[in-house]
Amino acid sequence: MKQTATTKTTYHIPIGPIHPALKEPVFFEFELDGERIIDVDVKLGHIHRAIEWASRKRNPIQILYMAERVCGICSYCHPAAFALAVEDAADIVAPERAEYLRVIQGELERICSHLLWAGVAAHEIGFDTVLYLTWQVRERALDLTEYLTGNRVTKAMMMIGGIRRDITKDMLPRIQKDLQYFKDCYNKLGKVFLNDKTVRMRSQGAGILTEEDALKLCAVGPTTRASGVKKDVRVDTSYFAYGDLDIEHITPDKLTGVVNGDVYDRIIQRLLEVKQSIELIEQCIDKMPSGDIVAEPKLAKLLAQLKKVTGEGVGRHEAPRGEVIHYVKFDGNDAPYTWKIRAPTYNNILPWIPMLKGEQIADIPIVAASTDPCMSCTNRVGIVKDGNKYEMTKEELHRLSVEKTRRLMK
Amino acid sequence: MKFSMLPSVFAQMFKKPWTNKFPAKYAPSNTTNFLADVGAGKAKLIPPIETPPNFRGKIQYDKEKCIGCQLCIKVCPCEAIEFKPKEKKIKIFLARCCFCSQCNDICPTDCLSMSDEFLLADADPYSKDLIVE
């Protein structure tokens, strides 16, 4: 008997909208041929919390704390970009000391974020020992943050036209001691991540993003720099005190001499950036001038000044994940007329498509996590195959990933 | 190197755990009874880790100093402060407070300050402990 129905050679699996390797709720649909990924489709817009809308009945000082809650890990860079946008609109110039203090906080956040990412990446390939080792170092970074700001995560540090807390002389020994600890650990972690066989096997040649694709798809931050594109807001435009500091573009070829644009390169990239951040904090402590830390210490006066502002402003800041852009427009009221955020992860979503094409299912967690998207937890994957539906939970996906590591070890 | 982390892992095995076992070494089956025992001197409380110097805990309110200018209400990001028009004083709902200490900064008479107190968990958001007035 002749077969009437054509046999389907590919099948689809949806991943998301909620998934542990995707830091923000995003919906993926994979077209698979056996284990190989043939095509990927990404859908966005599952985490609309109306933050921008809620800002329309708040004044700029209140919005600073709302911006802080856009993301838990980037709780400094969103208020920073917002403050830059408001300063741009209202022509406020922050005092020099404040600019240096802002750099210190920004770089400390980068160290925390990159270490967190390194731990998550190790976990995704089933290498949990490294997760605990990395997060042990991160704990120290969080303790330092707590010491400087009074809180581990929501720092409440940014103020329009300056910063809220100063670094006094008696705080310096503690900062230097911790920076020395990070440097020692940097060497140790560098060895683990760059020379270990397990990490190399899973990350080399996986999730390749070419320089051309990175440019075409507007990737930002470590994701694009790992592909060899020299794009960094800290260097390209001078804001805060970055203009005075010795800073240059970092690409993975600084260490290895070649740019491959794979997951391994993104690991190198982030490790190099942690080192760069430590050096930047040291430079800031050396060069920091004395003086005021806010342009207008009387907040009631600042509010009155902001109420009169009409016009628009744009703030750009290099967050740990890439460039974050805040746009704000005032029309002479208490609250801004509009406020728009462009978070870095938004740009790093499309590069997932060239990265994931041709990879295996077991590589999805590490490749998706390699762009360091903003994470929300718990997830399941539903597989629809031949009309039967079954689900693939987070644990199962993780198990597949661990199994691949074991298979390669043999 | 195949086992590059092995030295660290072995060193870790002989270190004391970092976790501070607050409030007791083993979690008490009944917290209220445990606290009563502590009060009676029968059980011992393991102290929490010290708070950092700039820690922002429960707000302290000096009612005498307050002049009722309402500036704190204007900057509070979470609308946690209520004005009492008759007395011209404020009432702070800690269940809504995000502990940013912005009201402390704007207060012209310095009647607000942040304390070290952080044990503020409560089942009732309007309990006496969570309202400062």
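Here is a short conversation about a few residues in this predicted model.

Visitor: Is A:L172 buried or exposed?
Guide: Let's start with where A:L172 sits: it belongs to helix α6 of chain A, residues 172–195. A residue with 12 or fewer other C-beta atoms within 10 Å is called exposed. A:L172 has 12 such atoms within 10 Å, so the residue is exposed.

Visitor: How many Å separate the C-alpha atoms of A:L172 and A:I285?
Guide: Along the chain, A:L172 and A:I285 are 113 residues apart. In space, the separation of their C-alpha atoms is 8.0 Å.

Visitor: Which residue in the loop between α8 and α9 of chain A has a positive phi although it is not a glycine?
Guide: Good one to look for! Most residues other than glycine have a negative phi. The loop in question runs between α8 (211–216) and α9 (221–225), and one of its residues has a phi of about 60°. That residue is A:C218.

Visitor: Is A:F240 buried or exposed?
Guide: You will find A:F240 in the loop between α10 (233–236) and α11 (253–256) of chain A, and its phi is positive, near 45°. Being buried takes 20 or more other C-beta atoms within 10 Å. A:F240 has 23 C-beta neighbours inside 10 Å, so this residue counts as buried.

Visitor: What is the peptide bond from B:F22 to B:P23, cis or trans?
Guide: Most peptide bonds are trans. B:P23 lies in the loop between α1 (6–13) and α2 (31–40) of chain B. For the bond from B:F22 to B:P23, omega is near 0°, and the bond is cis.

Key
Residues numbered from 1 in each chain as written. Chains lettered and ligands numbered in written order. Predicted model: local features only at pLDDT ≥ 70, side-chain atom pairs only at ≥ 80, totals over all residues. Helix = DSSP H or I, 4+ residues; strand = E, 2+ residues; numbered from the N terminus.
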